[in-house]
Amino acid sequence: MSVILMSMLIGLGVALFGFTLQTTIGGINRKVVGRMQKRYGPKWYQEFLDIFKALSKRAISHGWIYDFGVIMAVGGITATAMFMPITDSLVAFAGYDNFFIFVYLLAVGMLGMAMSASGSGNPLASIGVMRALTQMLAYEVPFMVVVITIIKVSGTSSLTGIMEFQQANGWFALSLPIGFGVAFLSLLGMLGKKPFETYIAPSEIASGPMVEYGGKQLGLLFVMHEIATFIEVSLFVHLFLGGASNIIEFLAKYFIVYTVANLISNLNGRFKIDQVVVFFYKWPLALAVLQAIWVLWR
Amino acid sequence: MFSIELVVLSTLLAGVLAYIVSIKLPKLGSYLTILASLAVFSVLAYFGFNNNLDAEVNLIPQFVLFKTSMFGLYFAIIVSFIFFMVSFFNPYFIKDYKYPAAYNLFYLMALAGTIGVFFASNFITLFIFFEIVVWTSMFLIPLGKKRKPTVTYFVFSTVGSFAMLYAVMFTFSITGSFDLAAISVLSGKSALLVYILLAVAGFAKLGAYPFYVWLPKVLGKSPDPVSAVFSGGIEKLGAFIAFMAILRISPASIYLEAVGMYLQNYVIAIFGAITIVVGTLQAIRQDDAKKLLAYSSASNGGYILVAIAMSSSISLTGAMYHILAHALASTAAFLAIAVVHYRTKTTKISELGGMIHHMPLTYMVYLMAIISMAGIPPMGGFISKWLIFQAVINKQMIIVAVATFFGSIGSFLYVFRPLAALFLGQKLPKYKGVKEAPFLMMIPLIILTLGSFYIGVIPNQVIDFSNKVIAEFGFGPLLMNEFGIQGANGTLSAPIIASVFGLGVVVIAIIFFILPKSRKVGLMDTYTSGEFIYTEELLHYSADFYAPFERLYPAKPLISKVYAMIKEKVNELGRFFKYWFFTNKPEVTVLWIVLILTLLVWGDIL
Amino acid sequence: MIQYASIILIMLGLYGLLTNRNVIKIIISLNVFEIGLNLFIISVGYVDGGLAPILTGNSTSVLSFVDPLPHALVLTSIVIGVGTTALGLAFAKKIYAKYGTYEIDEMGVE
Amino acid sequence: MNPVLLIAIPLLFAFLSIMNKKFARPLLLVALLLDVYLVFTISKGLYSIGGFSQYGINLLVDQYSLIGLMVVNVVFFLTVVTNCKEVKRLSTVLLVALAGVNGLLLTNDLFNLFVFLEIVGISAYLITSGNKRPLATFNYLVQGTVGSGLYLLGLILLYSMTGTLNMALILPTIVDKAIPLSNLALPFMLMFIGLGVEAKLLPFNSWVKGVLQNANALTSVLIAGVFATTIALTFGRLLSTVFVLGSISNIVLVILAVTMLAGEVAAFASKRIREVLLFSAIAQSGLIILLFANGLVIPAIMLIIANIVSKYILFTITGKMVDGTKTDEIESLQGVFSKNKLVGFAFTVASLSVIGLPLFFGFIVKLNILTSLFSQYQLFLSALILVVSLIEGTYFVKLLIKLWYSVGEVKTFKVDALVKVVTLIFALGLIVFGVYTKPLTDSLMTVPEEMMEAIAERGNF
Amino acid sequence: MENKKLTQAQMDTKWTELGDFFRRKSIWMLMYCTGCCAIELPQAMTSAYDMERLGMGPMATPRQADVLLITGYLSLKTLRRLVYTYEQMSEPKYVVAFGPCVINGGIYHDSHAVLNRLDHYLPIDVYISGCMPNPESVMNGFTDLMDLIKNKTAVGWKNYRDNNEWYKKNQMDALGEVFVHDEFHE
């Protein structure tokens with residue numbers, strides 16, 4: 001029992017670490033993007049300021065489901081983050097860091113947010129949720145196919161197991177280059193980076209699901225967004241880039257992946273939502289399946 | 001000791017009793033259905049768990065034989081539980097039916113029939129009860145508003161049951177026995193034929209591709225309790241048959257090295273995969289909440305088929321688990337929609353909105369149900385989907401995997417739609433006085449939700465049971481430890497996930513309540529780009545929810561066109577015969593006589 | 001020989017049934033058919049050079065008897081044929097009463 | 001008791017009834033009652049008329065004909081009782097018909113069978129003349145006459161080859177004289193066609209639609225129930241004890257299969273309730289003869305019994321319904337049973353039994369049929385039967401649902417208590433037999449043996 | 001009960017004070033770009049002046065925003081929208097007004113459709129002068145707003161709350177009574 005309690009504390013630590021890390025790196029990235037656009041850019045801790053400011057504001061509430069959804073969303077994402085290994089030895093629930101837990105527990109957060117957004121009664125929020133879900137349907141399937149290949153090759157679905165496998169046999173980014181590319185596209189979709197940010201679309205549907213949020217709900221959703229980004233990027237790092245044996249390595253890989261994704265995002269326009277679906281179901285899925293067949297039945 | 005025969009017979013008798021009572025007092029009769037189904041469920045559960053059921057047959061004449069098996073018991077307990085749960089809704093809906101007495105009778109007869117199917121010891125018994133279920137449940141359908149689905153249901157069910165009958169008779173003609181075990185004796189082509197026919201029977205009842213067409217029609221149009229019973233209970237007969245077909249028959253065929261299974265199983269898995277995809281795609285575009293759930297039932301049936309077809313310990317456990325989880329969740333969802341229907345008289349998503357403000361409990365029940373149906377922890381559906389995914393990955397069936405993932409993610413889309421547009425969204429003024437579900441309706445809603453939650457957090461008991469079941473098919477048990485289930489490539493610990501999830505929510509909730517209190521505003525006070533909107537309907541996004549996505553695929557499934565064509569062809573043939581053979585001209589018969597005689601004389605026959 | 005004749009009659013009767021659209025003519029064709037049939041029945045019992053089948057106590061005559069049974073049968077058959085014809089004519093009258101014509105084509109669709 | 005009374009009494013009464021029209025109906029009832037009483041008291045055995053043994057006419061009472069007599073006479077009686085009003089004009093004809101029916105079932109002589117066939121036929125023409133559709137009846141008459149003529153032709157050909165008309169002696173003679181099968185094809189085909197006209201087999205049954213389409217309760221039950229059963233039983237006896245199908249069996253099987261399919265498909269395409277039922281009756285008779293042709297006597301008899309009972313219910317109720325509502329369009333009959341629940345119950349039970357759903361007699365019959373077909377390894381035929389009964393089930397369910405549930409205005413019709421009671425008793429009978437069939441199957445067990453024994457015994461008179 | 005209410009109000013003040021620390025470095029704008037002054041905002045935001053380095057950024061909805069920018073003249077028609085939008089913002093909230101039109105109607109002062117004094121209808125925290133104000137003065141205005149927040153003198157939203165009746169009366173006077181038929185006809 002005490003082991004589990006300990007694990008839970010570590011898990012909370014991981015979640016907090018993830019939040020801090022992603023918020024920092026997010027801030028740095030804003031600066032990077034600013035420099036790219038020949039601007040000075042904000043301070044590296046700007047994201048913290050934004051989030052805490054939002055948390056301190058006196059917000060509005062559209063009823064209990066509006067609040068409950070937010071709690072469920074952030075709680076779910078926090079819970080997901082608690083399972084995330086940071087290095088191959090630093091993991092809260094050793095042995096239970098199953099890949100599918102992340103996929104489905106992540107969905108709780110999404111569901112909570114979607115519920116809360118729809119509960120606000122704003123049609124723009126519902127449209128945003130609709131787009132987010134449709135996009136999820138698009139990027140998730142190719143990604144999962146790639147991950148099946150990885151799981152089947154490494155013989156385990158535990159993230160630490162996959163990490164150890166890669167440390168022994170080389171990164172999957174190198175041995176499964178096509179899958180790596182596909183998964184990176186999916187990562188862009190997951191992170192909501194351009195060209196896959198249709199569901200936010202600030203000037204079109206007024207930031208979609210977030211349209212009604214202000215104050216602490218908005219702040220918490222920012223927290224959720226940061227943790228979710230942390231989970232998604234870490235997943236990518238662990239699955240393809242051999243994970244990490246120490247924190248520095250993890251930070252480096254994490255920073256590179258996120259920055260590259262962000263840079264690509266800033267060079268792109270925006271897809272329509274049906275274009276997103278068609279895009280993912282055309283080449284990425286076909287390539288992922290082909291690669292899986294090639295790798296598994298070679 | 002309690003005899004199965006007695007359970008079946010007394011249920012039938014209770015049905016007759018309920019019929020007689022409800023001629024004068026329909027409501028009392030419907031309470032009787034609650035009592036009767038409670039009795040059936042408790043007897044089965046109590047004596048079944050204690051291994052104390054008696055299979056002897058003394059009263060029912062002829063060839064009816066029963067036997068007890070964990071396999072049958074598992075199904076019987078689930079289905080009788082679903083019948084029991086749904087029966088709470090009967091008193092409220094009974095007054096809407098044209099023939100309330102008949103409803104009560106057929107409800108209990110269908111229950112008796114299902115119990116009979118699950119405990120059947122030979123195929124004749126199985127078939128008899130199977131057909132009883134078919135026709136009794138068939139008469140439950142037209143009590144709703146629409147009559148047409150009855151015929152559709154009859155046709156598809158009968159295709160299934162006749163396929164089964166043919167298989168049974170064929171087995172009999174070869175082995176000379178009606179025993180359930182006889183099909184495992186078959187070999188070669190005959191085994192393949194029986195396999196296909198039984199699979200068709202299972203497909204038809206489970207609503208798998210290409211027979212899923214009846215599900216949306218029947219579940220969408222029949223009375224609400226009937227839809228729930230179909231989705232949670234009667235449909236599971238198909239899974240029962242499919243289990244027997246796929247696991248008990250072993251026709252010699254090509255062994256696919258790549259996926260480690262036989263060709264015919266692979267074909268079944270592919271059909272399951274198609275079912276998942278088609279069901280999901282169609283569910284996404286439905287406007288009727290019940291039809292949407294019906295397509296989701298079809299899609300979940302596809303999961304069960306895929307899991308059975310893979311036939312390994314883990315996949316079979318997944319199938320058993322999915323049957324339970326889906327029964328609970330889908331029934332809860334249907335019942336939640338039934339409450340909405342009962343209160344608002346419509347199930348069209350585009351006509352409803354903001355029901356959460358009228359019926360929060362129903363909303364929570366529906367929410368939990370869809371969490372389970374979408375396979376999200378900490379509900380039962382997560383564990384079953386996890387098990388199935390483990391098996392799919394283990395067998396490395398890429399195409400099937402694509403379909404299962406597609407269905408799994410797609411289920412977020414379709415289950416969310418009623419949630420967003422029906423329960424959430426604007427509080428429409430036309431449903432102003434709508435109240436929460438009546439007390440008696442709440443009971444099953446709450447029990448089903450708790451049950452779904454319980455099996456999602458503590459799966460050990462169910463898996464113990466299903467281990468015993470799959471042992472009957474000769475598969476080893478699924479390994480478990482204190483916290484987790486041992487999968488093919490990972491461990492799952494449902495309690496830990498649930499408690500971590502709980503912890504996360506509690507932590508965030510504490511933070512949330514520390515932060516400054518929010519100001520309450522109305523739903524109409526939303527951001528509209530400065531525009532003034534006074535009509536709730538205009539601020540409610542519910543029609544054509546997934547319009548951009550729906551544009552990408554055709555509205556009507558191709559297969560329904562095929563069925564329409566078959567029907568038209570039969571009609572044409574009928575008109576053809578009527579034109580050529582049934583006229584008022586006396587010479588037609590003479591002509592045919594002459595023709596046949598000429599044929600006889602001309603040919604070499606004479 | 002007579003068998004061929006009777007078969008031709010039967011054929012004629014059937015041909016008449018096939019080609020005629022007049023109620024009375026149909027009945028006549030039916031009669032032709034029946035006559036052919038009756039002739040055929042009688043022809044079956046015919047024995048070349050046979051005697052009338054009357055028991056005279058002469059034991060050798062039995063072997064050269066014409067078969068008496070078809071004769072008996074044909075009587076019944078003729079009676080039945082007459083009955084049927086009468087009934088047919090009665091119906092023909094009824095048809096005429098209802099439609100005012102004997103031509104089936106002119107009666108329209110029922 | 002001598003079974004000849006079964007034929008003689010109605011004939012006698014028929015003559016009496018001509019003397020005094022007033023007593024016609026009472027005489028009919030008395031004759032029927034007497035016959036019913038006789039049927040249950042006669043003993044099995046071979047009765048030769050006039051003591052000519054195998055040279056003369058024989059009446060055979062065995063289990064087969066006994067069951068047939070019981071069913072037919074009881075249903076005949078009930079039909080007359082429940083349709084008293086319509087009977088009045090037809091009493092004499094019905095008496096003759098009764099004699100013919102009993103004769104057909106009892107006779108053991110091919111020519112005698114022809115005579116009874118004609119008696120039944122002529123009475124049937126007269127009965128159907130009550131429909132006020134003289135052309136249809138005329139059509140029936142022409143076809144029936146041609147049919148029986150062909151039967152006579154075949155019979156004579158057979159006689160010329162075998163030299164006997166005794167049904168029990170034909171098979172042994174064929175074996176004794178070693179007559180080649182190819183010679184037998186024509187007579188048997190002719191007889192088959194001849195009986196096929198009366199038995200409503202497909203290319204020879206264009207009369208059925210005209211006759212039954214406009215029939216009232218009495219006519220339709222008599223034609224589709226009583227006469228059809230009698231003809232089917234007669235046909236069955238011929239097919240199982242006389243006919244050597246040999247080379248024509250393929251044609252016969254095709255005809256029967258097509259009859260079955262065409263009947264069901266045509267019923268599927270029909271929009272009038274009487275049309276649906278009459279096409280269904282065609283298909284059923286096709287199935288019955290098919291079973292006989294395959295030598296499956298027991299299932300065939302069970303099917304005949306199930307058929308006559310359910311046809312009685314269906315046609316009686318339909319007749320009354322059409323009388324009451326003045327329409328037989330299914331669309332305009334919607335929801336009629338919601339006002340006549342008991343009648344609707346009987347109708348429903350009968351249809352479910354016809355479809356072959358469990359708890360009803362039809363299910364047991366279907367199971368028996370399939371079991372026997374499969375024990376002969378008749379894979380194609382059984383598949384066909386299943387397909388056909390799927391179509392049948394479809395239109396019956398459609399019909400039932402329409403009759404129980406209305407969309408608009410509901411028409412009403414009155415049914416007198418007697419009809420209600422009788423149909424209900426029959427419906428309950430279907431349920432009881434559906435649950436507990438043992439006495440029936442036991443009594444049927446000996447039928448085929450007895451039939452064969454008769455041939456074997458009397459081959460050496 | 002009385003006690004608790006007090007603490008609630010105090011809590012809110014505490015949170016606001018705490019928030020002000022972050023807020024002055026993170027101001028999210030909602031731009032109500034009806035007037036010509038809006039043309040100056042892009043320069044202020046992009047590379048030349050880079051508003052983001054002060055922690056400012058555009059937001060899509062009033063719920064998320066801290067400051068409402070009113071860029072130029074305001075017509076009668078748009079006042080209702082503006083008030084509606086302002087009231088949807090969550091507290092604390094600020095208003096920055098651009099150009100002379102919001103002070104006295106500017107060059108449109110004699111138009112029947114233009115409101116001359118905005119501060120009768122909404123509390124303004126900062127005016128930015130110039131017709132149109134150049135980017136430097138825009139930036140200057142924002143730094144002024146940050147100073148005001150730091151000094152706790154940006155209290156327009158409190159004034160609006162405290163003198164709500166007065167503001168409402170002015171708004172009503174300007175707008176007159178609005179007869180609402182449906183969404184498209186007032």
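Q: What makes a stretch of chain C a helix or a strand?
A: A helix is a DSSP run of H or I with at least four residues, and a strand is a DSSP run of E with at least two; both are numbered from the N terminus. By that rule, chain C runs α-α-α from the N terminus on. Its count is three helices and zero strands.

Q: What kind of model is this, and how are its parts numbered?
A: This is a predicted model: local features need pLDDT of at least 70, side-chain atom pairs count only at pLDDT 80 or more, and totals for chains, interfaces and linings use all residues. Residues are numbered from 1 along each chain as its sequence is written, while chains are lettered from A and ligands numbered from 1 in the order in which they are written.

Q: What makes a residue of chain C buried, and what percentage of chain C is buried?
A: Buried means 20 or more other C-beta atoms within 10 Å of its own; exposed means 12 or fewer, and partly exposed lies in between, with C-beta atoms placed from the backbone. Of the 110 residues in chain C, 29% are buried.

Q: How do you know that chain A is in contact with chain B?
A: Two residues are in contact if their C-beta atoms, placed from the backbone, lie within 7 Å. Here 73 residues of chain A are in contact with 62 residues of chain B. Helix 5 of chain A supplies the largest share of chain A's side, 16 residues.

Q: What classes of residue make up the side of chain A that touches chain B?
A: Ala, Val, Leu, Ile, Met, Phe, Trp, Tyr, Cys and Pro count as nonpolar, Asp, Glu, Lys and Arg as charged, and the others, Gly among them, as polar. That side divides into 46 nonpolar, 21 polar and six charged residues.

Q: Why is strand 1 of chain A said to pair with strand 7 of chain B?
A: Strands pair if DSSP finds at least two bridges between them. Two bridges join these strands, which run parallel, so they pair. A:Ser61 stands opposite B:Lys520.

Q: What makes a nonpolar core, and where does the largest one lie in chain B?
A: A nonpolar core is a set of buried Ala, Val, Leu, Ile, Met, Phe, Trp, Tyr and Cys residues joined through C-beta atoms within 7 Å. The largest has 625 residues; B:Ala333 is among those touching the most other members. Domain 1 (253-555) and domain 2 (559-602) of chain B both give residues to this core, so it lies between them. Domain bounds come from an automatic or database assignment.
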